[in-house]
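Open the model in your viewer and keep the selection panel at hand. Here is a short tour, stop by stop.

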Amino acid sequence: MQLIEERLRSLMLQSLAGDAAAYRVFLDELTARLRSYLRRRLGGLPGEVEDLLQELLLAVHNKRHTYDPKQPLTAWVQAIARYKLVDLLRRRSRSDVLTDPLDDDQVFATTANDAAEAQYDVTKLLRGLPDRQRLPILYVKIEGASVTDTAVRTGMSESAVKVGIHRGLKALAERIRSIG
Amino acid sequence: MKTEDLVSLLSAGAEAVDLKLTSRRWLLALAGGASIAFLLTAGLLKLNPVLWHETYKPMFWVRESYCAVLGVLGFIAVVRLARPGLRLGLAPIGIPVAVIAMWVLAVVTLVVASPQNRARLILGHTAVVCPFLIALVAAPLLIALLWVMRSFAPTRLRWAGAASGFAAGSIGALVYTLHCPELAAPFLAIWYLLGILIPTTLGAWLGPRLLRW
């Protein structure tokens with residue numbers, strides 16, 4: 001536990017300092033841990049695991065500025081995961097659980113490959129965003145272009161590109177929430 | 001989209017995050033909220049004309065410290081509740097201690113006072129309006145704190161809202177003292193506390209409605 005804490009914390013600090021490679025490793029490790037956590041917690045709702053996992057990753061990303069370097073990173077992640085889990089279960093209990101196809105199709109619909117895919121499609125949700133958010137995310141985040149190139153390509157200023165990415169990812173998280 | 005692809009998306013070109021900028025938002029909220037609270041007090045309610053004279057009385061400073069201590073403790077709770085996974089620290093102990101201390105002082109004041117003076121010590125001249133005026137002065141602070149709270153990630157929404165209300169109420173009360181003519185401990189123990197509890201209750205109600213993310 002202590003090892004995980006130290007490792008993840010140092011990766012997080014590097015990420016916050018702007019190291020995208022460290023951030024990638026951080027998110028990968030987090031994905032694995034959160035997935036097994038959610039599988040344990042969502043035993044009765046296996047179809048929700050990947051959905052909530054992606055929602056959690058977006059939340060961690062959008063709220064990473066709220067991490068206080070003086071606090072344990074695992075406590076920070078744990079609190080976010082618990083909050084989102086409770087939020088999901090509350091939404092679930094509000095919508096009619098009885099009409100959910102929990103029992104029949106899940107077992108057959110889910111193969112090992114699909115397991116890593118959410119029920120909603122982030123790519124589709126992305127298409128619903130306004131251009132000033134969608135294009136920066138598409139160019140910088142998916143195609144891997146630099147902020148400068150994206151600014152030239154879209155005719156936006158560099159800071160508008162950054163703001164677009166930031167707001168777009170927040171909007172994406174909002175949309176995922178409202179689906180679930 | 002596969003989760004793996006989402007991870008690539010999020011990490012691609014990720015830039016540095018300025019953590020100090022995040023903390024600075026609180027100071028902006030406090031400064032902005034307190035300025036409007038002051039304008040409300042000075043413009044709508046008028047400053048106490050004998051304020052300067054009252055600074056010579058010990059109870060003036062008891063009142064100021066009472067509001068300031070509650071404000072600081074409330075603000076610490078706000079800052080901590082805004083971040084996932086932080087313990088509350090001093091506030092849950094400090095706030096009851098400060099409130100009880102004022103109650104003890106109030107009881108002592110009443111016991112020592114002559115019976116015909118007691119009602120005046122409790123009611124002063126402004127008991128009816130005091131809690132509502134404190135709530136009014138606290139309103140801009142509550143709005144500012146909730147606004148900033150929304151950009152953080154509170155996980156206990158009702159508590160985060162209540163703490164914002166409590167901090168706003170206490171700092172609002174501190175600003176309100178620039179107008180308020182009352183200095184008696186029994187008055188402060190009852191009406192100031194009620195005044196602080198109005199935005200606290202409002203915040204607790206608003207928290208789950210406004211702070212969800």
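The stops below go from a helix pair within one chain to the contact between chains.

This is a predicted model: local features need pLDDT of at least 70, side-chain atom pairs count only at pLDDT 80 or more, and totals for chains, interfaces and linings use all residues. Residues are numbered from 1 along each chain as its sequence is written, with chains lettered from A and ligands numbered from 1 in the order written.

**Stop 1: within chain A**

Select residues 2-16 (H1) and 20-41 (H2) of chain A. Helices are DSSP runs of H or I, at least four residues, numbered from the N terminus. Their axes lie 8 Å apart, at an angle of about 140°. Axes are lines fitted to C-alpha atoms over the stretch in contact, and angles run from 0 to 180 degrees between N-to-C directions. H1(A) and H2(A) are therefore oblique to each other (under 35 degrees is roughly parallel, over 145 roughly antiparallel, 65 to 115 roughly perpendicular, the rest oblique).

Now show the contact residues (C-beta atoms, placed from the backbone, within 7 Å). From H1(A), they include A:Leu8, A:Leu11 and A:Met12; from H2(A), they include A:Val25, A:Phe26 and A:Glu29.

**Stop 2: between the chains**

Select the contact of chain A with chain B: 38 residues come from chain A and 25 from chain B. On the chain B side, H1(B) gives the largest share, seven residues.

**Stop 3: H3(A) on H1(B)**

Select residues 49-62 of chain A, helix H3, together with H1(B). Their axes come within 10 Å and cross at roughly 10°. That makes H3(A) roughly parallel to H1(B). Display A:Leu53, A:Leu57, B:Leu6 and B:Leu10, which are among the residues that meet here.

Note on methods: Helices (H or I, at least four residues) and strands (E, at least two) are DSSP runs, numbered from the N terminus. Two residues are in contact if their C-beta atoms, placed from the backbone, lie within 7 Å.
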